[in-house]
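Reader: I've got a new chain on my screen and I'd like to talk it through. Could you take me around it, from the overall fold down to single residues?

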Amino acid sequence: MSDAEYRLHYWPSIPGRGEYVRLVLEDAGAEYVDVVRLAADRGGALMAWMKGDRTGMLPYAPPILEHGELVLAQTAVICRYLASRHGLVPANEANRLLADQLQLTVADLVAEAHDTHHPISTGAYYEDQKPEARKRAEAFLTQRMPKYLGFFERVLERADGDGGVLGAAICYVDLSLFHSLEGLAYAFPKGFAARSGDFPRLMALRAKVAERPRLAAYLASERRLPFSEDGLFRRYPELDFV
Ligand SMILES: N[C@@H](CCC(=O)N[C@@H](CS)C(=O)NCC(=O)O)C(=O)O
């Protein structure tokens, strides 16, 4: 077993929701091991670990973070925990609660982006829900995505600082927004490009986060997994509405 401080358990070949956790770990310069990516049987190792005999918290779905005896699930909870330990969220409760709300809104956006290709069931193939996916994707690109991005644009306008959504400094929610924007740009190259001009503050934040030294190094490294049609953000040209 590695003696890295944190152990992340996530699907081995997609950025997925694991990426939101990785970005906090990478930006913090924390020592972590991506457990399943090192395992010989990869995805099988994740299932085996999930079903394994352990005491304590029973996680429903990955990503899962182990830190000593602590086992945490739910991306927003994991990110908040890491951010609070590594200076990526202010210490006062009011700001932490604000960050929670914003992070959970990011999670809502991500779930809706996922549902564009799996509107009926995550347990069925995309190919078996294509007509519904087209309707869902059109509604997402024309109504839901602009509503979410417009909300975060207004949050940035009100924060009015040199940092991100909380104002003065970059926090973990900004890292999650960065990855979500990357995912949307990948999944909907035309639909996203056609609308991104409406969200200048968000686009500036995306660029600013990518330039953070540790993240820039991570993004250029092999540790960063590419988006693909197995993941959360998928590029299907038939779902890319302008
Ligand atoms: N709300 C959870 C969702 C977790 C989730 O849906 N994980 C996916 C991978 S990104 C999964 O493997 N889900 C299995 C399932 O829902 O059965 C979070 O934000 O962490």
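Author: Sure, what follows is a run of questions and answers on this predicted model.

Reader: Let's start broad: what order do the elements of the chain run in from the N terminus?

Author: The secondary structure comes to 10 helices and four strands. From the N terminus on, the order is β-α-β-α-α-β-β-α-α-α-α-α-α-α.

Reader: And what is the radius of gyration of the chain?

Author: For 242 residues the globule rule gives 18 Å, and the chain comes close to that, so it is as compact as a globular protein of that length. Along the principal axes, the C-alpha atoms fill a box of roughly 50 × 45 × 30 Å. The radius of gyration itself is 18 Å.

Reader: What percentage of the contacts between residues at least 6 apart in sequence join residues at least 24 apart?

Author: Some background on the chain helps here: buried residues make up 53% of its 242 residues. As for contacts between residues at least 6 apart, the share joining residues at least 24 apart is 71%.

Reader: How far apart are the mean positions of the positive and negative charges?

Author: There are 29 positive and 33 negative charges to average over. The distance between their mean positions is 3 Å.

Reader: Now some helices. Which helices do the buried residues of helix 9 pack against?

Author: Helix 9 spans residues 200-210, and its buried residues are Leu202, Met203, Leu205 and Val209. They cover an arc of only 155° around the axis, which puts them on the same side of helix 9. The partners they pack against are helix 6 (130-159), helix 7 (172-187), helix 8 (189-196) and helix 10 (213-219).

Reader: Which exposed residues sit on the face of helix 8 turned away from its buried side?

Author: Begin with the buried set of helix 8: Gly191, Phe192, Arg195 and Ser196. Their arc around the axis is only 120°, which puts them on the same side of helix 8. These buried residues pack against helix 6, helix 7 and helix 9. The face turned away from them carries the exposed residues Lys190 and Ala193.

Reader: Is Arg22 buried or exposed?

Author: Arg22 lies in helix 1, residues 18-28. Leaving aside neighbours within four places in sequence, its contacts include Leu8, Tyr10, Trp11, Asp34 and Tyr218. Its relative accessibility is 0%, and the cut-off for burial is under 20%. So Arg22 counts as buried.

Reader: How far is Arg22 from Arg224 in space, C-alpha to C-alpha?

Author: In sequence, Arg22 and Arg224 are 202 residues apart. In space, C-alpha to C-alpha, the distance is 8.9 Å.

Reader: Any backbone oddities? Which two residues does a cis peptide bond join?

Author: Most peptide bonds are trans. Here, look in the loop between helix 3 (43-51) and strand 3 (64-67), where Pro63 has its place. Omega is about 10° for the cis bond, and the residues joined are Pro62 and Pro63.

Reader: What is phi of Gln74 near?

Author: Most residues other than glycine have a negative phi. Gln74 is found in the loop between strand 4 (70-73) and helix 4 (75-85). Gln74 is also exposed, with a relative accessible area of 55%. Its phi is positive, in a residue other than glycine, and near 75°.

Notes: Residues numbered from 1 in each chain as written. Predicted model: local features only at pLDDT ≥ 70, side-chain atom pairs only at ≥ 80, totals over all residues. Heavy atoms only, no water. Helix = DSSP H or I, 4+ residues; strand = E, 2+ residues; numbered from the N terminus. Rg over C-alpha atoms; globule rule 2.2 N^0.38 Å. Buried < 20%, exposed > 50% of the residue type's maximum accessible area, 1.4 Å probe, protein only. Contact = heavy atoms within 4.5 Å. Lys, Arg positive; Asp, Glu negative; His and termini not counted. Charge placed at Lys NZ, Arg CZ, Asp CG, Glu CD. Arc of directions from axis to C-beta.
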